[in-house]
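Here is a set of short exercises to work through with the model open beside you. Try each task before reading its solution.

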Amino acid sequence: MDFEIPEAYVAEAVAEAIPLEIVYEDEDLAVIDKPAGMVVHPAPGHHTGTLVHALLGRGGRWSAVGGVTRPGIVHRLDKGTSGLIVVARNDVSHRALSAQLKDRSLSRSYMAIVRGHLKDDAGELEGPIGRDPNERKRMAVVSGGRFARTRYEVIERRRGHTLLRCDLD
């Protein structure tokens with residue numbers, strides 16, 4: 001049996017001219033409206049076209065705390081999720097924002113449309129979140145996962161769907 005071992009992929013984020021909607025920006029951070037479908041940082045299967053590539057394409061300095069493939073990235077949103085993401089311009093602001101995420105003084109809220117109707121107008125969901133053992137691209141409640149809690153409130157009910165405000169704890 002003959003086979004060839006492919007060359008290893010070396011992740012290197014390079015500048016790309018990808019337009020971004022900047023909601024706020026100063027010398028320490030930027031708030032970007034990330035569109036659904038955009039991956040935040042390079043990963044297997046996503047070597048170009050990420051938010052990181054777009055940030056580098058804008059020029060300027062970005063925090064190096066996250067490493068060469070994640071300049072400026074303090075937190076992430078899933079590929080299919082649109083919303084505001086905060087990126088750090090320098091290492092001091094990156095560490096400060098990371099500390100706020102860790103001590104939960106930085107809040108994160110989402111609007112979500114769910115299929116069906118929830119019995120209660122408000123509540124909370126909690127459990128250990130980790131990679132789905134059967135589908136590695138998905139997250140799921142799994143044994144040994146990282147504890148997560150989300151509080152929700154019904155904003156509007158429509159036929160077959162409910163609009164929720166979700167606050168991550």
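**Exercise 1. Decide whether Arg 104 is buried, partly exposed or exposed in this predicted model, and describe its backbone.**

Step 1. Take the relative accessible area of Arg 104, which is 47%. Buried means under 20% and exposed means over 50%, so Arg 104 counts as partly exposed.

Step 2. Place Arg 104 in the chain: it belongs to the loop between helix 2 and strand 4, just after helix 2.

Step 3. Look at the backbone. Phi of Arg 104 is near 65°, a positive value in a residue other than glycine.

Step 4. For a second case, go to the end of helix 1. Just after that helix, Gly 59 has a positive phi of about 85°.

**Exercise 2. Check the span of helix 2 and find out which of its residues are buried and which are exposed.**

Step 1. Helix 2 covers residues 91-102, which makes 12 residues. The expected span is 1.5 Å times one less than the number of residues, so helix 2 should span 16 Å.

Step 2. Compare with the model: the end C-alpha atoms of helix 2 are 16 Å apart, in agreement with the expected span.

Step 3. Pick out the buried residues, which are Ser 93, His 94, Leu 97 and Leu 101. They cover an arc of only 105° around the axis, so they sit on the same side of helix 2.

Step 4. Turn to the other side of helix 2, where Val 92, Arg 95 and Lys 102 are exposed.

Step 5. Ask what covers the buried residues of helix 2. The cover includes strand 2 (29-34), strand 3 (83-88) and strand 4 (108-115).

**Exercise 3. Describe the start of helix 2 and the surroundings of Asp 91.**

Step 1. At the start of helix 2, Asn 90 places a side-chain oxygen within 3.3 Å of the backbone nitrogen of Val 92.

Step 2. Asp 91 is part of helix 2. Its relative accessibility is 22%, so Asp 91 counts as partly exposed.

Step 3. List the contacts of Asp 91, leaving aside neighbours within four places in sequence: they are Ser 63, Ala 64 and Val 65.

Step 4. Now look for polar atoms. The side chains of Asp 91 and Ser 63 make a polar contact of 3.1 Å. A polar atom of the Asp 91 side chain also lies 2.8 Å from the backbone nitrogen of Ala 64.

**Exercise 4. Work out where His 41 sits and what surrounds it.**

Step 1. His 41 is found in the loop between strand 2 and helix 1 (51-58).

Step 2. With a relative accessible area of 10%, His 41 is buried.

Step 3. Beyond its neighbours within four places in sequence, His 41 is in contact with Thr 50, Val 52, Thr 69, Arg 70 and Arg 76.

Step 4. One of these contacts can be described further: the side chains of His 41 and Arg 70 are joined by a polar contact of 3.4 Å.

**Exercise 5. Trace the three-stranded sheet and the helix that lies across it.**

Step 1. The sheet is open, with strand order 1-2-3 and antiparallel pairing. Strand 1 (21-25) and strand 3 are its edge strands, each pairing on one side only. From one strand to the next, the twist averages 30°.

Step 2. Strand 1 and strand 2 run antiparallel and are joined by four bridges. Glu 21 stands opposite Asp 33 in strand 2.

Step 3. Helix 1 lies across strand 1, strand 2 and strand 3, at about 55° to strand 3.

Step 4. Leu 51, Val 52, His 53, Ala 54 and Leu 55 are the buried residues of helix 1, and these pack against strand 2 and strand 3.

**Exercise 6. Find the edges of the five-stranded sheet.**

Step 1. This open sheet has the order 4-8-7-5-6, with antiparallel pairing.

Step 2. Strand 4 and strand 6 (139-141) each have a single partner strand, so one side of each is left without a neighbour in the sheet.

Step 3. Neighbouring strands of this sheet are turned by 40° against each other on average, direction ignored.

Step 4. At the strand 6 edge, three bridges join that strand to strand 5 (residues 122-131). Ile 129 stands opposite Val 141 in strand 6.

Terms used: Residues are numbered from 1 along each chain as its sequence is written. This is a predicted model: local features need pLDDT of at least 70, side-chain atom pairs count only at pLDDT 80 or more; totals for chains, interfaces and linings use all residues. Side-chain values use heavy atoms; hydrogens and water are left out. Helices (H or I, at least four residues) and strands (E, at least two) are DSSP runs, numbered from the N terminus. Buried means under 20% relative accessible area, exposed over 50%, partly exposed in between (1.4 Å probe, protein chains only). The arc is that of the directions from the helix axis to the C-beta atoms. Contact means heavy atoms within 4.5 Å. A polar contact is a pair of N or O atoms within 3.5 Å; within protein, one must be able to donate a hydrogen and the other to accept it, and residues adjacent in sequence count only if both atoms are side-chain atoms. Two strands pair if DSSP finds at least two bridges between them. Axes are lines fitted to C-alpha atoms, for helices over the stretch in contact, and angles run from 0 to 180 degrees between N-to-C directions.
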